[in-house]
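The following account leads through a protein model from its covalent cross-link to its strands and individual residues. Please keep the sequence and the coordinates at hand while reading.

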Amino acid sequence: MRAFVLLILLLMSTSVSATDAPVAPPAPGSCAGTAHRQFDFWLGEWVVTGKAGKIAGHSRIEAILGACVIAEHWSSASGKGDGKSFNLYNRQSGQWEQFWVDGQGTRLLLSGGLVDGRMVLSGRQLKPDAATGLVQQERISWTPNGDGSVRQLWESSRDGGKTWAVVFDGMYRRRAAQ
């Protein structure tokens, strides 16, 4: 875990250039296996809308570090809440992991994998809710659609997973070439 956090900090301290070119397939090596490619459907330049169709932001998702890491560069439409996530297939655990950080000091650590064609990652907040004593759970799923879009559904539970509330229900649509 410590090595993963150090990797994230190293990635955040380097700049990554944007490109509209298609993502090249990974070079033969340690991350060329099928499991490492399960989240590639999310790669690209996206316009993200909320449930009502209003633009929520833009996201650039790219494979970096020999295609071993999928980096998300999120820019919110409001200018608040910009962030980054770093995603990788952990061959030791056999799961995908995501580490999200944003400009407000928020962090989220999720893990999981493919479930019925959707990438489903979940995790828990660090501190328990003061009223209930329970730790808030987070669950985010990404569903690739036939038209090339990707639905992201983020849900939270404050009662140990008995009930779930939608935090964000958005649609990623590929940005038109410029």
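Is cysteine 68 buried, partly exposed or exposed? Cysteine 68 is partly exposed, because its relative accessible area is 23%; buried means under 20% relative accessible area, exposed over 50%, and partly exposed in between, with a 1.4 Å probe and protein chains only. The model is a predicted one, in which local features need pLDDT of at least 70 and side-chain atom pairs count only at pLDDT 80 or more, while totals for chains, interfaces and linings use all residues. Residues are numbered from 1 along each chain as its sequence is written, and side-chain values use heavy atoms, with hydrogens and water left out.

Cysteine 68 takes part in a disulfide with cysteine 31, with an S to S distance of 1.9 Å; the criterion is a pair of cysteine sulfur atoms within 2.5 Å. A disulfide is a covalent bond between the sulfur atoms of two cysteines. A search of the whole structure finds one such bond. The disulfide is right-handed, because the torsion about the S-S bond of cysteine 31 and cysteine 68 is about 105 degrees. Cysteine 31 lies in the loop between helix H1 (2-12) and strand S1 (44-49), and cysteine 68 in the loop between strand S2 (55-64) and strand S3 (69-76), so the pair ties together parts that are 37 residues apart in sequence. In contrast to its partner, cysteine 31 is buried, with a relative accessible area of 7%.

The loop between S2 and S3 also holds alanine 67. Alanine 67 has a positive phi of about 65 degrees although it is not a glycine. Most residues other than glycine have a negative phi, and most peptide bonds are trans. Alanine 67 counts as buried because its relative accessible area is 12%. Aspartate 116 likewise has a positive phi, near 50 degrees, in a residue other than glycine. Aspartate 116 is located in the loop between strand S6 (107-115) and strand S7 (118-128). With a relative accessible area of 78%, aspartate 116 is exposed.

The overall architecture comes next. The protein contains one helix and ten strands; these are DSSP runs numbered from the N terminus, with helices being H or I of at least four residues and strands E of at least two. Along the sequence, the pattern is α-β-β-β-β-β-β-β-β-β-β. The ten strands close into a barrel in the order S1-S2-S3-S4-S5-S6-S7-S8-S9-S10, with antiparallel pairing. From one strand to the next, the twist averages 25 degrees, where axes are lines fitted to C-alpha atoms, for helices over the stretch in contact, and angles run from 0 to 180 degrees between N-to-C directions. Of the 178 residues of the protein, 39% count as buried. The protein exposes about 10,100 Å², of which carbon and sulfur atoms supply 56%; accessible areas come from the Shrake-Rupley method with a 1.4 Å probe, and for residues only the protein chains shown count as cover.

Within the barrel, strand S5 (residues 95-102) has seven of its eight residues buried, so S5 is largely enclosed by the rest of the structure. S5 pairs with strand S4 (residues 83-90) in the antiparallel sense over eight bridges; two strands pair if DSSP finds at least two bridges between them. Across this pairing, leucine 88 stands opposite glutamate 97 in S5. The hairpin of S4 and S5 has four residues between the strands, and glycine 94 takes a positive phi near 75 degrees there. S5 also pairs with S6, in the antiparallel sense over six bridges, and phenylalanine 99 has leucine 109 in S6 as its bridge partner. S5 and S6 form a hairpin with four residues between them, where glycine 105 in the turn has a positive phi of about 85 degrees.

Further along the sequence, S9 and strand S10 (residues 165-174) run antiparallel and are joined by seven bridges. Tryptophan 154 stands opposite phenylalanine 168 in S10. Serine 156 belongs to strand S9 (residues 150-157) and is buried, with a relative accessible area of 9%. The side chains of serine 156 and glutamate 138 are joined by a polar contact of 2.3 Å. Residues up to four places away in sequence not being counted, serine 156 touches Gln136, Gln137, Glu138, Thr163, Trp164, Ala165 and Val167. Here a contact means heavy atoms within 4.5 Å, whereas a polar contact is a pair of N or O atoms within 3.5 Å; within protein, one must be able to donate a hydrogen and the other to accept it, and residues adjacent in sequence count only if both atoms are side-chain atoms.
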